[in-house]
Structures are given as C-alpha cells and as structure tokens.
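Please open the structure in a viewer and keep the selection panel at hand. The stops below proceed from one selection to the next.

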Amino acid sequence: MSVGLLAVVDDILSAALKASAKSAGVVIDDAAVTPQYVEGLSPARELPVVGRIALGSLANKFLIIIPIAMVLTAFAPWVLPWLLIVGGVYLCFEGAEKVLEWFGFHHGGHEDEGGRDEKRLVMGAIRTDLILSTEIMLIGLTSIDAELGFWMRLAVLAIIALAMTALVYGAVALLVKLDDIGLKMAKSTSEQVRHTGTRIVRSMPAVFRVISVVGTVAMLWVGGHLVLANLGEVGWHAPVDLLHGVEHALEPLGPVVVWFGDTLVSAIAGLAVGLVIVGIALVIGKAFGKNLSFAEGHAAPQAPGE
C-alpha cells in the first residue's frame, strides 16, 4: 500500500473517530431503546430479530440517510433542521405511547399472531432506528472537516455507519443473551460460577424493566432535544432559549447537573409534544373509525407454552 493511500486511510479513520465521538450520546440512547423490542420473545428468536433490526439499520444508513444527507448538504441544507424536527416528533410520539402503556392505556392491536407481531415489532424498531441513526449520521456529518472532499466525507460516513451499527447491535445482542449465559454458568461444576450464573438469571427481569424505562426516557430526551434545538434553527428561538437558560442557571453546580437539567427539560418537552401527537392521532383515528394501538413495536409475542 502506497504512502499516499495510507495517508488517505489515516485521514478517513481520524475524521470518523472524531465525528463518532460526538455521536456517543445518541449511540447510548439507541442501545438503550432497542432491547425493549425483543422483550418477551422466545430465546430462539432473540438473536434473529436483533439481526433483522441491525440489517434494517444498515439499510436505513446506506440506502436512505447517507444519500439524502449528502444531496441535501450540497443543494438544500436548510431542509435538514425540518427533517430533524419531524424525526424528533416521531420519537416523542413513540415515547409518549410507551408512557401511556405504563398507566394502562391499552388499545387494540394485540390480536395478531406471533409471526405477525414479530414483523410489526421489527418494523417499529427499524422506524425508531431511522430517527436515531439520522441524528447519529447528521452529527457525524456536521463534525467532518468541511475541507474534505465529497468522496472523503462519504467514506467517513460509511465508516461511522458500520462502526455505530456494530457497536449498538453487538451490545444489544450481548445484553439480550445474558440470561442464556447465566443459565449455562448456573450448570457449571464450580460453585462460585453457578452462584454468579443464578444471580444473572434472577436479575434479568429487573434489568429489562430498567432498560425499558431508560429506552423510553431516551426516546423522549432525544426527541425533545431534537425538536427544541431545531426549532431554533428554523427561526423559533424561544424553546431553545429556555433550554439554554436552564443550562446557564445550573452552570455553577457543575457539568453533571447541567447535563441532568438539559436532559430533564428535553424529556418533559418530548413527553408534552408526544402526548399532543397521540391526542391528534386518536382524534383522527376516531374520525376514520380506527383505534390507535399503543402496542406497535412493544408488544412482543410470547414463546409457545408461556
């Protein structure tokens, strides 16, 4: 490999690493959101479903997000904030649906057979991934040096897409199989290993409950922040000014408190936006004689015999 080519590869990898670092927060959100989509599946279906969602995520990035982002960046950059607002509103809607589920607001949509439910939850997960992946890729795109040429930027985005997908869904696959790992450890000849395996198995229901809550809060947080920040980009500065005012007021208390305040305000705003959209969807659904299902993507089928 020539020195020139090595230098190009090094530039691409360095730029990808720098851009990926700024997307870390959204990657954590993505990893927290996804496991709830396999909650309740039979163990044999968990990894295949995660694999299907991962393939959908790659399709989102390479067939939709990267081509559109590159074209819009070149010809219509003003459209990007509007797309992020739409994506943020959808995340708020998804998060608000889940919150309503917690309080017992269930509608139709549970009658489907297991295979159909699995298809719906996969499609729901891929739609949610589309929004989170869009933010990851757009953050990456804005972090790339503007002096890099078109093909260099494209290569950097491709590396970010592959790396982030592998990181998120590799972590998700490991997480959803922890209970199986625990079961195997519980059969070990070592008493200490058996004890550890038993504790892992017993803790998994609580772990998934926590993940479900974290994933929902992540949807509301990311969605609310997308809406607040990008409303400022399109000319309505009051929402993002409020967010910045909270951040400024909390600065003397340290960066952790500032982050928590930002997250709390964004999540509350996301919940408010999501509930409004749910209400609108309910009204429209009633007008057309249809009931809105709050189970899409969340009500996983049970294993046979469960």
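Begin by selecting helix 3, residues 43-75. In this predicted model, helix 3 comprises 33 residues, and the distance from its first C-alpha to its last is 47 Å. That span is close to the 48 Å expected at 1.5 Å a residue.

Next, centre the view on I65. Helix 3 has a kink of about 35° at this residue, shortly before the proline P67.

Remain in helix 3 and select I68. Is this residue buried or partly exposed? With a relative accessible area of 42%, I68 is partly exposed. I68 also belongs to a nonpolar patch on the surface, so extend the selection to F62, L63, I64, L83 and L162, which complete the patch. Together the residues of the patch have about 550 Å² of accessible area. Which element gives the most to the nonpolar patch? Helix 3 does, with four residues.

Now move to helix 4, residues 79-102, and select L91. L91 is buried, its relative accessible area being 0%. Add L220 to the selection: L91 and L220 lie 129 residues apart in sequence, yet their C-alpha atoms are 6.5 Å apart in space.

The remaining stops concern aromatic rings. How many aromatic pairs are counted, with ring centres within 6.5 Å as the limit? The count comes to two. For one of them, select Y90 and F93: the ring centres are 6.4 Å apart and the planes stand at 45°, and the pair is classed as tilted. Both residues lie in helix 4, three residues apart, and are thus separated by about one helical turn. An α-helix has 3.6 residues a turn, so residues three or four places apart point the same way. Displaying the accessible surface gives two classes here: Y90 is partly exposed at 21% relative accessibility, whereas F93 is buried at 14%. The cut-off for buried is under 20%, and therefore Y90, at 21%, counts as partly exposed.

For the other pair, select W221 and W259. Their ring centres are 5.5 Å apart; because the planes stand at 85°, and over 60 degrees counts as edge-to-face, the pair falls in that class. This contact links distant parts of the chain, 38 residues apart: W221 is in helix 8 (residues 191-233) and W259 is in helix 10 (residues 255-287). W221 is buried, with a relative accessible area of 17%, while W259 is partly exposed at 48%.

Technical notes: Residues numbered from 1 in each chain as written. Predicted model: local features only at pLDDT ≥ 70, side-chain atom pairs only at ≥ 80, totals over all residues. Heavy atoms only, no water. Phe/Tyr/Trp six-rings, centres within 6.5 Å; stacked < 30°, edge-to-face > 60°. Helix = DSSP H or I, 4+ residues; strand = E, 2+ residues; numbered from the N terminus. Buried < 20%, exposed > 50% of the residue type's maximum accessible area, 1.4 Å probe, protein only. Patch = residues over 30% accessible without salt bridge, like charges linked within 9 Å, V, L, I, M, F, W, Y side chains within 5 Å. Areas by Shrake-Rupley, 256 points an atom, 1.4 Å probe, with all protein chains shown as cover. Salt bridge = Lys/Arg side-chain N within 4 Å of Asp/Glu carboxyl O. Expected span 1.5 Å × (residues − 1). Bend = angle between axes of the 7 residues up to and from the residue.
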